[in-house]
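Reader: Please walk me through this structure. Keep it brisk.

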Amino acid sequence: MQKRNTLKLIAACAMLMGASASFSQEVIKIANIVELSGGGATAGTNFKNGVELAVKEINAAGGILGKKIQTTTSDTQSNPGVAKGLTQKAVDDDVFAIFGPVFSGSIMVSMAESRKAEIPNFTGGEAASITMQGNPYVFRTSFTQATAMPKVARYISDQAKLKTLAIVFVNNDFGKGGLDMIKKALDKSSTKVVAEISTDSGQVDFSAAVLKAKQSGADGVFVYSNEEESARLLRELRKQGWNKPIIGETTLTGQKVIDLAGEAANGAVAHVGLTVDAPLPAIRAFRAKFERDYKYVSDHNGMKGYSGIYALKAAIEKVGKLDRKAVANALHSLVVTTDKEPGILMNVAFDQNGDLDRESFLVEVKDGQQVVVATLPPLNPLVTANKPIAAGKSAPAKK
């Protein structure tokens with residue numbers, strides 16, 4: 001009797017488990033864990049909007065493998081501890097994938113939870129150390145600093161021909177990682193770093209930092225900070241009469257920085273992995289759709305979130321089933337081109353660390369707008385070049 005009851009209980013549990021598994025596959029659950037307040041609000045909000053725009057498009061087209069995507073969004077408050085807790089909650093909710101956080105310091109803490117649960121985790125964080133931990137479930141939607149800094153260092157020494165350089169950086173994982181990588185990239189060049197000037201996340205007054213840069217006698221300054229702080233630093237540089245080159249990475253010339261800095265942003269030069277001003281059809285189409293839905297111009301973070309969703313879609317379709325471990329394995333050798341998947345925005349290849357390679361751009365702010373002045377090739381020659389908009393053909397009008 002007891003044996004029969006035990007068998008019935010096992011059978012009932014199996015039925016419940018089967019029903020649960022079936023239910024979990026009715027939709028593809030994605031947790032959007034991003035900075036919507038605090039110092040990362042600009043980056044996180046753009047990333048979130050990019051994710052939601054891609055999800056809206058994919059669902060309207062029938063979903064992935066016939067299943068719709070369902071998203072939930074949580075605010076990390078730009079706090080690594082909060083990010084870790086929200087990631088654990090997403091694990092408990094049995095999501096298929098996690099997007100975010102964007103800030104390097106937060107993903108460095110939170111990705112341990114998604115790794116233990118074997119959940120693919122996409123981040124916009126750029127600190128080189130993120131993908132140096134051997135985590136097979138973390139994937140980057142932006143360049144790592146180890147990829148970006150050699151490109152900008154080449155510009156500083158070979159094109160700008162600066163003999164001496166002052167570096168102003170934000171004192172967090174993102175900023176310190178960037179400092180280390182730009183110094184390493186410049187180590188054997190003709191450019192000598194003569195000042196390393198540390199600033200704080202959320203800092204308001206940059207007068208002392210600019211004074212140190214001026215006193216160093218450097219031929220130019222390299223700025224590596226968050227968007228809001230970059231804008232304040234640009235204004236202070238102009239206020240103190242700085243008329244030497246101002247060079248940086250993506251966060252120096254984003255649309256939010258330009259809006260906040262005003263005329264002080266003009267002349268700033270940066271290497272960017274993504275920009276809505278790139279003369280590529282897929283990117284121009286994204287810009288128009290983002291502006292239509294959100295009534296402002298996306299920065300690179302919006303593009304990171306958007307293209308990340310399409311990378312996940314490509315990996316799931318390659319595997320042909322909703323298997324998180326198999327999808328993560330597929331992502332490590334994934335190559336996606338815009339002719340097959342326009343939502344990826346640019347031809348891209350992911351490596352075994354979860355890092356990506358693709359073309360990138362050198363931009364200069366002119367009259368309050370990012371202007372692409374050069375397209376830089378991918379490091380991997382196997383990544384094919386993107387097809388730019390042909391001369392004479394019109395692109396979607398800027399608003």
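Author: Axes are lines fitted to C-alpha atoms, for helices over the stretch in contact, and angles run from 0 to 180 degrees between N-to-C directions. Helices (H or I, at least four residues) and strands (E, at least two) are DSSP runs, numbered from the N terminus. This is a predicted model, where local features need pLDDT of at least 70, side-chain atom pairs count only at pLDDT 80 or more, and totals for chains, interfaces and linings use all residues. Residues are numbered from 1 along each chain as its sequence is written, and side-chain values use heavy atoms, with hydrogens and water left out.

Reader: Are helix 2 and helix 11 parallel, perpendicular or oblique?

Author: Helix 2 spans residues 41-60 and helix 11 residues 300-319. Their axes come within 6 Å and cross at roughly 40 degrees. Under 35 degrees counts as roughly parallel, over 145 as roughly antiparallel, 65 to 115 as roughly perpendicular and the rest as oblique. So helix 2 is, relative to helix 11, oblique.

Reader: How many residues of the contact of helix 2 with helix 11 are charged?

Author: Contact means heavy atoms within 4.5 Å. Helix 2 contributes residues including Phe47 and Glu57, and helix 11 residues including Lys304 and Lys313. Ala, Val, Leu, Ile, Met, Phe, Trp, Tyr, Cys and Pro count as nonpolar, Asp, Glu, Lys and Arg as charged, and the others, Gly among them, as polar. The contact has 10 nonpolar and 5 polar residues, and the charged ones number 3.

Reader: What percentage of the 399 residues is buried?

Author: Buried means under 20% relative accessible area, exposed over 50%, partly exposed in between (1.4 Å probe, protein chains only). By that cut-off, the buried share of the protein is 53%.
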